[in-house]
Amino acid sequence: TRTIEKKYSTSSLPTSSSTLTDFSVLASMLSRLFESSRQLSGDSLLSLLDALTRLSNEVMESASMSGQSKEPSLFAVAKLLETGLANLCRIEMVWDITETHLLKVCGHSHATLREFASESLTCLVRTGITYSQTGDKKPDERTLLRTLQKLSRIDYLDVRHQQLECVLQVLHSSGQSLVDGWSIILDILMQAAQLKGQPVLQVAFQA
């Protein structure tokens with residue numbers, strides 16, 4: 001999560017070293033706040049997710065009006081990712097609202113928004129599949145991979161590239177333990193084979 005956020009936030013950070021320190025402390029406190037969402041009741045957790053998606057919708061609307069000239073805030077999507085990762089133990093409670101919204105952002109015309117959303121969504125899928133092998137309450141493998149499959153409906157090649165990168169990582173890290181997800185993975189690869197775009201096809205054939 002930290003790597004994804006850092007990639008997209010560097011250009012908007014203040015330049016003063018003292019301000020940078022204050023900003024880092026504040027960012028760390030916010031991260032701990034959302035990571036502690038695992039302690040919230042079910043109703044409170046859903047209220048948090050609803051507030052984040054409403055904030056993200058406002059950002060998407062603003063980005064649609066301003067075009068590519070202004071970098072949008074990624075705060076809401078980043079905190080959706082953090083909240084999802086913190087609640088993998090009860091993923092069935094958070095998945096529908098998180099998946100639906102991140103898929104929506106993945107189809108946005110603003111490149112920065114959709115790239116960050118696709119990285120966040122694939123991070124959740126990849127981490128969820130790995131988490132299912134720890135002996136804790138197991139996220140449903142097919143549910144996670146079907147989310148990855150839904151990215152095939154999006155025409156942007158950067159999103160499809162991220163989808164296939166995730167398939168490749170899942171196969172390398174967890175391919176030996178997949179049980180019910182092979183038909184979904186094969187369908188993703190078959191759809192990718194119909195794409196026009198050399199880098200995307202290269203990733204598909206690597207998988």
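**Figure 1. Buried residues of helix α4 in the predicted model.** In α4, the buried residues (under 20% relative accessible area, with exposed meaning over 50% and partly exposed in between; 1.4 Å probe, protein chains only) are Ala76, Val77, Ala78, Lys79, Leu80, Leu81, Glu82, Thr83, Gly84 and Ala86. Helix α4 is thus mostly covered, with 10 of its 12 residues buried. From its first C-alpha to its last, α4 reaches 16 Å, close to the 16 Å expected at 1.5 Å a residue (1.5 Å times one less than the number of residues). Helices (H or I, at least four residues) and strands (E, at least two) are DSSP runs, numbered from the N terminus. This is a predicted model, in which local features need pLDDT of at least 70 and side-chain atom pairs count only at pLDDT 80 or more, whereas totals for chains, interfaces and linings use all residues. Residues are numbered from 1 along each chain as its sequence is written, and side-chain values use heavy atoms, with hydrogens and water left out.

**Figure 2. The largest nonpolar core.** A nonpolar core is a set of buried Ala, Val, Leu, Ile, Met, Phe, Trp, Tyr and Cys residues joined through side-chain atoms within 4.5 Å. The largest such core holds 47 residues, of which Leu148 and Leu151 touch the most other members. Two or more residues of this core come from each of α3 (42–66), α4 (75–86), α5, α6, α7 (141–150), α8 (157–174) and α9 (182–192). Helix α6 gives the most, with 9 residues.

**Figure 3. Surroundings of Leu148 and Val167.** Leaving aside residues up to four places away in sequence, Leu148 is in contact (heavy atoms within 4.5 Å) with Thr122, Val125, Gln163, Cys166, Val167 and Ile188. One of these residues, Val167, is found in helix α8. Val167 counts as buried because its relative accessibility is 0%. The C-alpha atoms of Val167 and Leu189 are 8.7 Å apart in space, while the two residues are 22 apart in sequence.

**Figure 4. Polar side chains of helix α6.** Thr112 belongs to helix α6 (residues 111–131), and Ser120 lies in α6 as well. The side chain of Thr112 makes a polar contact with the side chain of Glu71 at 2.9 Å. Such a contact is a pair of N or O atoms within 3.5 Å; within protein, one must be able to donate a hydrogen and the other to accept it, and residues adjacent in sequence count only if both atoms are side-chain atoms. Thr112 is classed as buried because its relative accessible area is 14%. For Ser120, a polar side-chain atom lies 2.8 Å from the backbone oxygen of Phe116. Ser120 counts as buried, at 0% relative accessibility.

**Figure 5. The whole chain and its confidence.** The protein chain contains 10 helices and 0 strands. Buried residues make up 44% of its 207 residues. Of the contacts in the chain with a separation of 6 or more, 75% join residues 24 or more positions apart. The mean pLDDT (the predictor's confidence in each residue, from 0 to 100) is 83, and 78% of the residues score at least 70. Among the elements, helix α5 (residues 91–106) has the highest mean pLDDT, 95, and helix α10 (residues 198–206) the lowest, 53. Over residues 10–15 the pLDDT is below 50, and this stretch has 5 contacts in the model beyond near neighbours in sequence.
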